[in-house]
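Trainee: Got a minute to go through this one with me?
Mentor: Sure, put it up and we'll take it piece by piece.

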Amino acid sequence: MAIRHDGHIWAVAADPLRWFEREPWWDTQTRAPIGVDVVNVKVWRVQVRINTASPLRTMEIRRRPHSPSWVLTRINDAV
């Protein structure tokens, strides 16, 4: 598994953590479609590196329901 960001391919270097968060759909939509989950947002925290000699970075990515793409929301030096 890898993440493409800032013109580089970042290889995932450890098992990712994943969870779901609740999203306040009323901030982005006037109505929620019946029978459609617009609340649960997938979130992944992954430790990545460009190559085996580079330092680890921690990226947090999220994907809104029914969206085909992921959004990078945070990137930090790994602890």
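**Strands, contacts and a ring pair**

Trainee: Where should we start with contacts, and what share of those between residues at least 6 apart in sequence join residues at least 24 apart?
Mentor: That share is 38% in this protein. Keep in mind that we're looking at a predicted model.

Trainee: OK. How many helices and strands are there?
Mentor: Zero helices and six strands. Read from the N terminus, the order is β-β-β-β-β-β.

Trainee: Which strands does strand 3 join up with?
Mentor: Strand 3, residues 17-22, is joined to strand 4 by six bridges, and the two run antiparallel. One spot to look at is Glu-21, whose bridge partner in strand 4 is Val-41.

Trainee: And what about strand 2?
Mentor: Strand 2 covers residues 8-12 and pairs with strand 4, residues 40-49, in the antiparallel sense over two bridges. There, Val-12 has Val-48 of strand 4 as its bridge partner.

Trainee: Strand 4 keeps coming up. How many bridges join it to strand 5?
Mentor: Seven, and again the strands run antiparallel; strand 5 is residues 57-63. So you can put strand 4 down as a partner of strand 2, of strand 3 and of strand 5, given that two strands pair if DSSP finds at least two bridges between them.

Trainee: Which residue of strand 5 stands opposite Trp-44?
Mentor: Ile-61.

Trainee: Switching to side chains: how many aromatic pairs turn up in the whole structure?
Mentor: One. The rings belong to Trp-44 and Trp-70, in an edge-to-face arrangement with 6.4 Å centre to centre and 90 degrees between the planes.

Trainee: Where do those two sit in the chain?
Mentor: In distant parts of it: Trp-44 is in strand 4, while Trp-70 is in the loop between strand 5 and strand 6 (71-77), and 26 residues separate them.

Trainee: Why is Trp-44 called partly exposed instead of buried?
Mentor: Because its relative accessible area is 22%, and buried means under 20%.

Trainee: And Trp-70?
Mentor: Trp-70 is partly exposed as well, with a relative accessible area of 36%.

Trainee: Zooming out, how much of the protein is buried?
Mentor: Buried residues account for 18% of the 79 residues.

Trainee: What about the surface: how much area is exposed, and what share comes from carbon and sulfur?
Mentor: The protein exposes about 6,000 Å², and carbon and sulfur atoms supply 53% of that.

Definitions and conventions: Residues numbered from 1 in each chain as written. Predicted model: local features only at pLDDT ≥ 70, side-chain atom pairs only at ≥ 80, totals over all residues. Heavy atoms only, no water. Helix = DSSP H or I, 4+ residues; strand = E, 2+ residues; numbered from the N terminus. Buried < 20%, exposed > 50% of the residue type's maximum accessible area, 1.4 Å probe, protein only. Contact = heavy atoms within 4.5 Å. Areas by Shrake-Rupley, 256 points an atom, 1.4 Å probe, with all protein chains shown as cover. Phe/Tyr/Trp six-rings, centres within 6.5 Å; stacked < 30°, edge-to-face > 60°.
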